[in-house]
Amino acid sequence: MKHLTLDGFLTVLALLAALYAVLSPVQRIRLSMSWRSQLILAVPASIAILAFELFDLNPPACPSTLGGMCRYLELGAADPGVPRKFAFLIAFAWLIGSVYIHRAARPTLRSLPELTQLATSLVDEEQYDDAIRLVEPHLELIAVASRRRAKIQLAHDRLKDFGPVDPQSFAAFSRPRGPGPHPYRGENLPDWAARPVRALATFVPAHKRAKEAASDMLQLLFHSNRLLDHIVDRRPHFGVALAELDVYGSTEFVERYLTRLIATPASALYQELAGNEISESPIGYQLPERNRLLHYLFSNPENAERLSVWKPIGDYVKRLLAGDERQGYWSHLNGDPGWFERERTSDPVWSAMFFFDIMITSAARHGIEYHMWLYYLPRFAGLLENGYDSDGSGIDKEAEFPTRAARLLYELFGFLTSWTTLYDRLPEGSKLRLMPDRHDRGSAIPHSAAIALGETLACAATTTVAG
């Protein structure tokens, strides 16, 4: 058993201070979250250690309830170093308790402003990885606080708004709607009876600073262009975590996020698409959890529908084929398609069409009664037709696919045809097999795909292309 001298105890405290000085900002903020608990543990432990060191107090006797275990726990009354040995045990227990508190510490509404302030500073200093590591474990708390949906915030707001309100006021508009008055909100009580309940709100923290800090943090995460570049290049799955948040601004962030992903051939989106071509019989594809973005969006296609994920992908491809995005891309499309099979997983147009294929087949498998904007594909076809040119050098006009653009048109028709034939693969009784009221206005996927296929065929039959 080692002895803990007073000099040794002071050395330990100095070492702890030195360690704190070299901690990263993320680790310091984690310590600051638990300072109250650490202080509650440190004060009695320090007092006890100093008492045993300075006054040679005898340690407490082993409780009789432990029986025979006491022979292993007693330090030996005849040993003059017993108080210092017991001080060593207290210090060791303090260490274990501090480590546990540090690992278990979580931010609260009270500490949220400090957390977001540090995260903002890290982003301003372009320390994006540290900022993401700090914020990512607590995104749900930030989202809840920004919407005032934490329990303590809800309690304050309900007490503050208790009682009848003017039917024409904003407070009446913002309350949950339903048939008749809400008794738990006191809407059917006279104002004099509700007034004492409203007074109780002064004793419940409102946590307005937490809401403001959380809202500011989300705005920074959603709108910082440099942070978005870092997320796309280095931390793409953090973008998925932000997309999962049910808060104002998430849809706009996903639009910017997916646009950057589809515009970057080396991005995680292309990697996931390249590894997600295994079919799920009879409809759709397997969506392994390792492909976090595709799994989140399409294992439950309602997420894709809520976020309108077809828009950033479809709009980017339209701009690309119109010549507004990548210089020289049309020279590439009008070149020889000999290596298409190897190159297609890095081609933005093919990857976008495959993205639509995963989305639409997943929606059909889950019975979503919406066309998921598959009408983007006829627009792609029109732009491919407009830019098609097989007069380049080395192009074999007699080949089945003279150019890459020709091969992309073939693939596009294949996707549209497969979506149309979903009708035969859907189970009997599926709502997606019901005929729409107007045959020119399809809504379910098979009927909409048939309309889109007809539009594309008409475009191909009536367009005059170079070459």
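A cavity here is a set of grid points where a 1.4 Å probe fits but cannot get out. The exercises below apply this to a predicted model.

**Exercise 1. Determine how many cavities of 30 Å³ or more the structure holds, and which residues line the largest cavity.**

Solution. Rolling a probe the size of a water molecule over the atoms shows where empty space is left. With the rule above, the count comes to one cavity of 30 Å³ or more, and the largest cavity encloses about 30 Å³ of space. The next step is to list its lining, which consists of A119, V123, A131, I132, V135, M217, L221, L227 and F238. Sorting these residues by class gives nine nonpolar, no polar and no charged residues. Finally, the lining can be assigned to helices: α6 (112-124), α7 (128-135) and α12 (208-223) each contribute at least two residues, and α7 gives the most, with three.

**Exercise 2. Find the salt-bridge partner of R235, and work out which parts of the chain the pair ties together.**

Solution. Side chains of opposite charge can pair when their charged atoms come close. The cut-off needed here is a side-chain nitrogen of Lys or Arg within 4 Å of a carboxyl oxygen of Asp or Glu. R235 meets it with D129, since the closest N and O atoms of the two residues are 3.6 Å apart. R235 sits in the loop between α13 (225-233) and α14 (236-243) whereas D129 belongs to helix α7, so the bridge ties together parts that are 106 residues apart in sequence. Turning to accessibility, R235 is partly exposed at 21%, and D129 is likewise partly exposed, with a relative accessible area of 27%. The pair also belongs to a network of salt bridges in which D129, E136 and R235 are linked.

**Exercise 3. For the salt bridges R407 with E341 and R433 with E428, decide whether each residue is buried, partly exposed or exposed.**

Solution. The cut-offs required are under 20% relative accessible area for buried and over 50% for exposed, with partly exposed in between. In the bridge between R407 and E341, the closest N and O atoms are 2.5 Å apart. This pair links distant parts of the chain, with R407 in helix α24 (residues 404-420) and E341 in helix α21 (residues 340-343), 66 residues apart. R407 has 13% relative accessibility and therefore counts as buried, while E341, at 48%, counts as partly exposed. In the bridge between R433 and E428, the closest N and O atoms are 3.3 Å apart; R433 is buried at 18%, whereas E428, at 71%, is exposed. A search of the whole structure finds 18 salt bridges, among them the bridges of R407 with E341 and of R433 with E428.

Key
Residues are numbered from 1 along each chain as its sequence is written. This is a predicted model: local features need pLDDT of at least 70, side-chain atom pairs count only at pLDDT 80 or more; totals for chains, interfaces and linings use all residues. Side-chain values use heavy atoms; hydrogens and water are left out. On a 1 Å grid over the protein atoms alone, a cavity is a set of points where a 1.4 Å probe fits but cannot get out, and a pocket is an open set with protein on both sides within 12 Å along at least five of seven lines; lining residues have an atom within 4 Å of a point. Grid points are joined across faces, edges and corners, and a volume is the space filled by probe spheres set on the points. Helices (H or I, at least four residues) and strands (E, at least two) are DSSP runs, numbered from the N terminus. Ala, Val, Leu, Ile, Met, Phe, Trp, Tyr, Cys and Pro count as nonpolar, Asp, Glu, Lys and Arg as charged, and the others, Gly among them, as polar. Buried means under 20% relative accessible area, exposed over 50%, partly exposed in between (1.4 Å probe, protein chains only).
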